Amino acid sequence: MIILITGGAGYIGSQVNKELNKLGYKTIVVDNLINGHIELVKWGTFINLDLMEKKELIELFKAKKIDAVMHFAAFAYVGESVLEPKKYYLNNVVGTLNLLEAMLSAGVDKIIFSSTCAIYGNPVYTPMDEDHPKEPINPYGRSKLAVEHILEDFSRAYGLKYVSLRYFNVAGADFEGEVGEWHEPETHLIPNILDAAIGVKPYVEVFGTDYETEDGTCIRDYIHVVDLAKAHIDALEYLFEHESSDVFNLGTGKGCSVMEVIEAVKRITGKDFKVKLSDRRPGDPPILVAKAEKAKQILGWAPKHGLDEIIETAWRWHRRLRGLC
Ligand SMILES: NC(=O)c1ccc[n+]([C@@H]2O[C@H](COP(=O)([O-])OP(=O)(O)OC[C@H]3O[C@@H](n4cnc5c(N)ncnc54)[C@H](O)[C@@H]3O)[C@@H](O)[C@H]2O)c1
């Protein structure tokens, strides 16, 4: 089977590309390398193409016999999306529409979409299940929710089969160290703590210490990227077996506070570093934790790796990325 992976030169897409190839799928990676890295494309065929180039996309789908699509390509910086919403709606929504048009023109009817817990907005209750109200508080989240609606409508009207996977906080790296997190700039917590542990950054900054949580810092649900990749394989099998569409949260159901993550990094790396306590950032909900029972029940998926393995694998990867080993 041939799977087309958009954004396969990025953090998560490259891990899923590895898993697919391990299982014998053939892959075509489509990425314009705007935020991706060719060094992360270690399997399959690479095509340098922007999803905004609709004509070329349509030709590509006509030329290859593609069985299903995994769609990771998007912009994903929340702060930037507030400053430049047009950029986000164009890339994330119009880019996806182009992709769907190309798929339908070639009779490809299966897609797995990278959605996010950002579509829920501020938690009304926790842990959040898939029925939680969807009121995203930034253009990034709204662009992803718009795509979820488009998929629903295309499914009803054109028979498209989709699975939307709503990721919580993805972290960690491949256990063999072949691919890992590589964002520029890096906004995610764990790589930023690792930079402080390495000494690339003078300190790690904690935004908000007066939340209504046990230690006053924000709580997030960290899911290992290898577990996340496995969920994509399960979702793909579901699409082929059931020929129906669905949405799933992907998280562990267990929250860790920023301070807990910092302490775990200190313990695992054996490094001490400065922690700067700052004010809250606007728009950061105190707690984001997934209820991921649905993925367990329907996909048979369950995360296997906890915070320690996330930090161990990310530490190995991150030191190499910074040229330290
Ligand atoms: N990393 C997380 O914690 C997280 C959480 C929730 C959702 N997501 C979603 O998962 C997906 C992957 O995230 P990631 O962390 O791997 O991001 P990433 O930036 O590492 O990867 C995205 C890839 O898409 C490519 N791309 C972007 N726009 C493109 C276009 N128009 N045409 C072709 N290629 C394009 C980039 O070059 C990059 O390689 C994104 O859709 C993101 O919104 C990520």
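Helices here are DSSP runs of H or I with at least four residues, strands are runs of E with at least two, and both are numbered from the N terminus. The model in these views is predicted: local features need pLDDT of at least 70, side-chain atom pairs count only at pLDDT 80 or more, and totals for chains, interfaces and linings use all residues. Residue numbers start from 1 along each chain as its sequence is written.

**View 1. A cis bond at Pro127, in the loop between strand 5 and helix 5**. The peptide bond that runs from Thr126 to Pro127 is cis, and its omega sits near -5°. For background, most peptide bonds are trans, and most residues other than glycine have a negative phi.

**View 2. A cis bond at Pro185, in the loop between strand 7 and helix 6 (189-198)**. Glu184 and Pro185 are joined by a cis peptide bond, with omega about 0°.

**View 3. Ile119, buried in the loop between strand 5 and helix 5**. Ile119 gets that label because 22 other C-beta atoms lie within 10 Å; the cut-offs are 20 or more for buried, 12 or fewer for exposed and anything in between for partly exposed, counting other C-beta atoms within 10 Å of the residue's own, with C-beta atoms placed from the backbone. Leaving out residues up to four places away in sequence, Ile119 touches Lys134, Pro136, Gly141, Lys144, Leu145, Glu148 and Arg166. A contact means that the two C-beta atoms, placed from the backbone, lie within 7 Å. Ala171 is 52 residues from Ile119 along the chain, and 19 Å separates their C-alpha atoms.

**View 4. Tyr140, a residue of helix 5 (residues 139-158)**. Is Tyr140 buried or exposed? Tyr140 counts as buried because it has 25 C-beta neighbours inside 10 Å. Ala76, Val78, Ser81, Tyr88 and Ala118 touch Tyr140, again not counting residues up to four places away in sequence. Tyr77 is 63 residues from Tyr140 in sequence, yet their C-alpha atoms are 7.2 Å apart in space.

**View 5. The shell around the ligand, with 28 residues**. Gly7, Gly10, Tyr11, Gly36 and Ala74 come nearest to the ligand. To be near a molecule or strand, a residue needs its C-beta atom, placed from the backbone, within 6 Å of it. Two or more residues each come from helix 1 (11-22), helix 4 (85-105), strand 5 (110-116) and strand 7 (169-171). Helix 1 gives the largest share of the shell, three residues. By type, the shell divides into 13 nonpolar, 13 polar and two charged residues; Ala, Val, Leu, Ile, Met, Phe, Trp, Tyr, Cys and Pro count as nonpolar, Asp, Glu, Lys and Arg as charged, and the others, Gly among them, as polar.

**View 6. Helix 1 against helix 7 (residues 225-242)**. Two packed helices are described by the angle between their axes and the distance between the axes. Here the axes come within 9 Å and cross at roughly 60°. The axes are lines fitted to C-alpha atoms, for helices over the stretch in contact, and angles between N-to-C directions run from 0 to 180 degrees. Helix 1 and helix 7 are therefore oblique to each other; under 35 degrees would be roughly parallel, over 145 roughly antiparallel and 65 to 115 roughly perpendicular, with the rest oblique. Their crossing is right-handed, that is, the near helix is turned clockwise from the far one by less than a right angle, while anticlockwise would be left-handed. From helix 1, Ile12, Gln15, Val16 and Glu19 meet Val225, Val226, Leu228, Ala229, Lys230, His232 and Ile233 of helix 7. That contact holds seven nonpolar, two polar and two charged residues.

**View 7. Helix 8 (residues 258-269) against helix 10 (residues 307-321)**. Their axes come within 10 Å and cross at roughly 60°, which makes helix 8 oblique to helix 10. This crossing is right-handed. Helix 8 brings Val261, Ala264, Val265, Ile268 and Thr269 to the contact, and helix 10 brings Leu307, Asp308, Ile311, Glu312 and Trp315. These residues divide into seven nonpolar, one polar and two charged.

**View 8. Leu33, with a positive phi**. Leu33 is not a glycine, but its phi is about 60°. The residue sits in the loop between strand 2 (26-31) and strand 3 (45-48). With 15 C-beta neighbours inside 10 Å, Leu33 counts as partly exposed.
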